[in-house]
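Please look over the sequence and the model before reading on. The paragraphs below go from the whole chain to its pockets and then to a few single residues.

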Amino acid sequence: MFGIRYAFFTYKGINDPIFIGIKHFAKMFSMPGFWKAFSNTLVLSITKLVLNTGAAVIISVLLNELIFLKLKKVFQTIVYIPHFMSWVVAASMILSPTSAGLVNDVLMKLHLITDNIYFLGDQKWWRFSYYIINVWKDTGWGTIIFMATLAGISPELYEAASMDGANRFQKMIYITLPALNNTIVTVLVLNLAKVMNLFESVFVLQNDAVIKVSDVLQTYIYTQTFNSGAIPDYGYTTAVGMFSSIISCILVLVCNRVSHKTRGRGIV
């Protein structure tokens with residue numbers, strides 16, 4: 001935590017700090033690139049969080065409805081395997097602009113396109129492609145948490161519902177989904193703390209052609225520190241990082257407050 005002091009200094013050398021107060025923050029708020037990265041971070045992170053959580057809940061409920069245990073384990077393994085793939089491999093397998101890419105290969109065979117699409121090099125396609133890769137890669141990890149919750153539901157509840165004449169869909173609506181409410185809120189709050197820390201998944205998929213829609217705060221910090229073409233200004237990038245941390249804290253507190261309103265208690 002003592003590292004935040006760098007945000008209020010500039011450095012001619014590593015041992016030559018000069019106190020400048022809040023000038024780094026004034027510079028940050030006047031930079032169009034910073035605000036673009038900030039808005040991209042919120043849009044990409046929150047959309048990814050909602051899509052991944054929603055997909056994990058849906059798949060968990062569907063897996064829970066499977067009667068055959070071996071079949072359930074097979075499907076759960078298939079969904080979970082992509083989590084262990086690197087982002088580079090995932091992108092090349094699915095969205096490569098050649099016939100090696102799964103999407104382009106399928107579209108070509110269905111005669112829906114005549115030329116391969118460079119999904120990660122086109123601004124109108126990049127975000128959609130990013131969301132698809134994230135859902136495919138990370139949904140399996142989320143299903144573990146929700147499947148654990150579903151395993152803890154008492155079978156007596158389903159038996160009582162059957163005696164009252166409830167069908168499988170009604171059991172899912174009135175027993176299964178309500179049992180997941182607390183877990184969903186907990187997962188959302190915990191993941192909100194990481195909303196501003198988006199880096200690896202974006203960094204390996206972005207390029208200069210899509211920088212306007214893909215640059216986020218963490219990649220902005222990286223670029224300003226190492227690829228700016230000038231002497232790195234660690235004070236400025238520390239100020240950006242400090243701002244990112246403050247926003248993360250605010251988001252968690254807001255979500256915790258919403259939890260108080262909806263559930264009567266928070267998790268912080």
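Of the 268 residues in the protein, 35% are buried. The model is a predicted one, and every value given here is computed from it. Its secondary structure consists of 12 helices and 2 strands. In sequence order the two strands come before the helices, giving the pattern β-β-α-α-α-α-α-α-α-α-α-α-α-α. Along the principal axes, the C-alpha atoms occupy a box of roughly 75 × 55 × 25 Å. How much of the contact within the protein joins residues 24 or more positions apart? Among contacts with a separation of 6 or more, such pairs account for 65%.

One link between distant parts of the chain can be followed atom by atom. In general, side chains of opposite charge can pair when their charged atoms come close. A search of the whole structure turns up 1 salt bridge. The partners are E65 and R168, and their closest N and O atoms are 3.2 Å apart. E65 belongs to helix α2, which covers residues 32-65, while R168 belongs to helix α8, which covers residues 168-192. The two residues are 103 residues apart, and the pair links distant parts of the chain. Is R168 buried, exposed or partly exposed? R168 counts as partly exposed because its relative accessibility is 46%, and that class lies between the 20% limit for buried and the 50% limit for exposed.

Both partners of the salt bridge also appear at a pocket. E65 and R168 are among the residues that line the second largest pocket, along with N64, L66, K72, M147, L150, A151, Y158, K171 and M172. The volume of this second largest pocket is about 240 Å³. Helices α2, α6 and α8 each give at least two residues to its lining. Sorted by class, the lining of the second largest pocket holds 6 nonpolar, 1 polar and 4 charged residues.

The largest pocket contains about 660 Å³ of space. Its lining has 25 residues, and those nearest the centre are K48, N52, D138, N191 and K194. The elements giving two or more residues to this lining are α2, α6 (123-151), α8 and α9 (200-203). Which element supplies the largest share of the lining of the largest pocket? That element is α6, with 7 residues. By class, the lining of the largest pocket has 11 nonpolar, 10 polar and 4 charged residues.

N52, one of the residues nearest the centre of the largest pocket, sits in helix α2. N52 counts as buried because its relative accessibility is 11%, and the limit for that class is under 20%. Apart from residues up to four places away in sequence, N52 touches N134, V135, D138 and T139. One of these, D138, is also among the residues nearest the centre of the largest pocket.

The next stop is a pair of loops. P97 is in the loop between α4 (87-95) and α5, and Y118 is in the loop between α5 (102-109) and α6. Which residues does P97 touch, not counting those up to four places away in sequence? P97 touches N104, N116, I117 and Y118. On the same basis, Y118 touches P97 and N207. Two C-alpha distances describe this region further. Y118 and L95 are 23 residues apart along the chain, and their C-alpha atoms are separated by 7.6 Å. P97 and L120 are also 23 residues apart along the chain, with a C-alpha separation of 8.3 Å. P97 counts as partly exposed because its relative accessible area is 35%. Y118 is likewise partly exposed, at 44%.

The last residue is T237, in helix α12, which runs over residues 234-263. Is T237 buried or exposed? T237 counts as buried because its relative accessibility is 9%, which is under the 20% limit. The side chains of T237 and T225 are joined by a polar contact of 3.5 Å. The T237 side chain also reaches the backbone oxygen of Y234, at 3.2 Å. Beyond its neighbours within four places in sequence, T237 is in contact with I221, Q224 and T225. T225 therefore appears in both descriptions, as a polar partner and as a residue in contact, where contact means heavy atoms within 4.5 Å.

Notes: Residues numbered from 1 in each chain as written. Predicted model: local features only at pLDDT ≥ 70, side-chain atom pairs only at ≥ 80, totals over all residues. Heavy atoms only, no water. Salt bridge = Lys/Arg side-chain N within 4 Å of Asp/Glu carboxyl O. Helix = DSSP H or I, 4+ residues; strand = E, 2+ residues; numbered from the N terminus. Buried < 20%, exposed > 50% of the residue type's maximum accessible area, 1.4 Å probe, protein only. 1 Å grid on protein atoms, 1.4 Å probe; cavity = no way out; pocket = protein on both sides within 12 Å on 5 of 7 lines; lining within 4 Å. Points joined across faces, edges and corners; volume = space filled by probe spheres on them. Nonpolar A, V, L, I, M, F, W, Y, C, P; charged D, E, K, R; others polar. Polar contact = N/O pair within 3.5 Å; in protein donor to acceptor, adjacent residues only side chain to side chain.
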